[in-house]
Amino acid sequence: MTEPFSFVCDFCGQPTTITEPNYSSGNIDFSTKKSEHEWCGFSYDAVACPNPKCKKLTFKISFVKYGMYRGEFQPVETIQKWDLLPESSAKPQPNYIPKAIRDDYYEACRIRDLSAKASATLARRCLQGMIHDFWSIEKPTLKKEIDALQSEVDVPTWNAIEAVRKVGNIGAHMEKDVNLIIDVEPREAQLLIGLIETLLKEWYVAKHDREEHFKKLEALAQKIATAKKAGKGKGAKVAPAAKI
Ligand SMILES: [Zn+2]
């Protein structure tokens, strides 16, 4: 019996609590005892998203080492892990973000563990695309474009960008062509991906939400103005102010 656990669906981004009917897991040990992977096997985890609009299956398998633990022969160490569904931990991005930027972001996430170099290259191109599109800043190098951002963004955003830029090869190659492949570790590529996720949220999503909020306010104001106008035209009684 599995205890309920917190889960954020990578397909729809909905945080939720998973209980037994939406979760299953298991282990299978190999019988190839004479191979180099003696006492190995695999384990799987399957989670069905409870969001009725999503219902997607998250499926992961792990190559594991078996051993004795608390008197039972069971997996004791994970050797390798594969995220089969979804293929990456990319967060779903709304359609109002330009497709080229979303595609570079998804691709950077998908290949992060397979090729950190390629992932970081796509992530840098994605970041540059965001600076061009959102801020209309275009300079000869990504470094110069990022420098120009300092006067546009708030201090916490600038500090985060600077922190990522100072890490190893990411910063060292900002001067060079954005498409140049740089040698980085998966965790460095993830740092760039994390920065992109934060900036997508802070720039595009925040702007969109603000615009939607103002549109709602405007519509409400118009509705009240129209109702008042109609009320006056018909000579309807206006409720005393004290009762409103
Ligand atoms: Zn979902």
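The face of helix H1 that is turned away from its buried side carries the exposed residues Lys99 and Ala100. Exposed here stands for over 50% relative accessible area, buried for under 20%, and partly exposed for what falls in between, with a 1.4 Å probe and protein chains only. Helices (H or I, at least four residues) and strands (E, at least two) are DSSP runs, numbered from the N terminus. Before going on, please keep in mind that this is a predicted model, in which local features need pLDDT of at least 70 and side-chain atom pairs count only at pLDDT 80 or more, while totals for chains, interfaces and linings use all residues. Residues are numbered from 1 along each chain as its sequence is written, and side-chain values use heavy atoms, with hydrogens and water left out.

Let us stay with H1 for a moment. Its buried residues are Ile101, Arg102, Asp104, Tyr105, Ala108 and Cys109. These residues cover an arc of only 165 degrees around the axis, which puts them on the same side of H1; the arc is that of the directions from the helix axis to the C-beta atoms. The helix takes in residues 99–110, and at 1.5 Å a residue its 12 residues should span 16 Å, which agrees with the 16 Å between its end C-alpha atoms. The expected span is 1.5 Å times one less than the number of residues.

Cys109 deserves a second look. With 8% relative accessibility, Cys109 counts as buried. Its sulfur lies 8.7 Å from the closest cysteine sulfur, that of Cys126, too far for a bond. The structure as a whole holds zero disulfides, a disulfide being a pair of cysteine sulfur atoms within 2.5 Å.

Now step back to the whole chain. The protein chain has six helices and six strands, and from the N terminus on the elements run β-β-β-β-β-β-α-α-α-α-α-α. Of its 244 residues, 31% count as buried.

Among the strands you will find the metal site. Cys9, Cys12, Cys49 and Cys54 coordinate the zinc ion, each through SG, at 2.3 to 2.4 Å. Donors are N, O and S atoms within 2.8 Å of the metal (3.2 Å for Na, K and Ca), and sites may look incomplete because water is not among the atoms. Along the chain, the donors follow the spacing C-x2-C-x36-C-x4-C. Cys9 sits in the loop between strand E1 (5–8) and strand E2 (15–18), and Cys54 in the loop between strand E4 (40–48) and strand E5 (57–69), so this pair ties together parts that are 45 residues apart in sequence. Both Cys9 and Cys54 are buried, and the relative accessible area of Cys54 is 15%.

What makes the arrangement around the zinc ion tetrahedral? The four donor atoms subtend angles of 105 to 114 degrees, which makes it so. Four donors count as tetrahedral if all angles lie between 85 and 135 degrees. For comparison, the ideal angle for four tetrahedral donors at a metal is 109.5 degrees.

The loop that holds Cys54 has another residue to point out. Lys55 lies in the loop between E4 and E5 and has a positive phi of about 60 degrees although it is not a glycine. Lys55 counts as exposed, at 62% relative accessibility.

Beyond that loop, E5 runs antiparallel to strand E6 (residues 72–85), and 11 bridges join the two; strands pair if DSSP finds at least two bridges between them. E5 and E6 form a hairpin with two residues between them. Arg70, in the turn, has a positive phi of about 50 degrees, and at 74% relative accessibility it counts as exposed. Further along the pairing, Phe63 stands opposite Gln80 in E6.

Phe63 also leads to strand E4, where Cys40 is found. The C-alpha atoms of Cys40 and Phe63 are separated by 7.3 Å, with their positions 23 residues apart along the chain. Cys40 counts as buried, at 3% relative accessibility. Phe30 lies in the loop between strand E3 (23–29) and E4 and is partly exposed, with a relative accessible area of 29%. Phe30 and Gly41 are 11 residues apart in sequence and 4.9 Å apart in space, C-alpha to C-alpha.

Finally, the path returns towards H1. A cis peptide bond joins Leu85 and Pro86, with omega about -15 degrees, and Pro86 has its place in the loop between E6 and H1.

Terms used: Four donors count as tetrahedral if all angles lie between 85 and 135 degrees; four count as square planar and six as octahedral if opposite donors are over 155 degrees apart and all others between 65 and 115; anything else is irregular.
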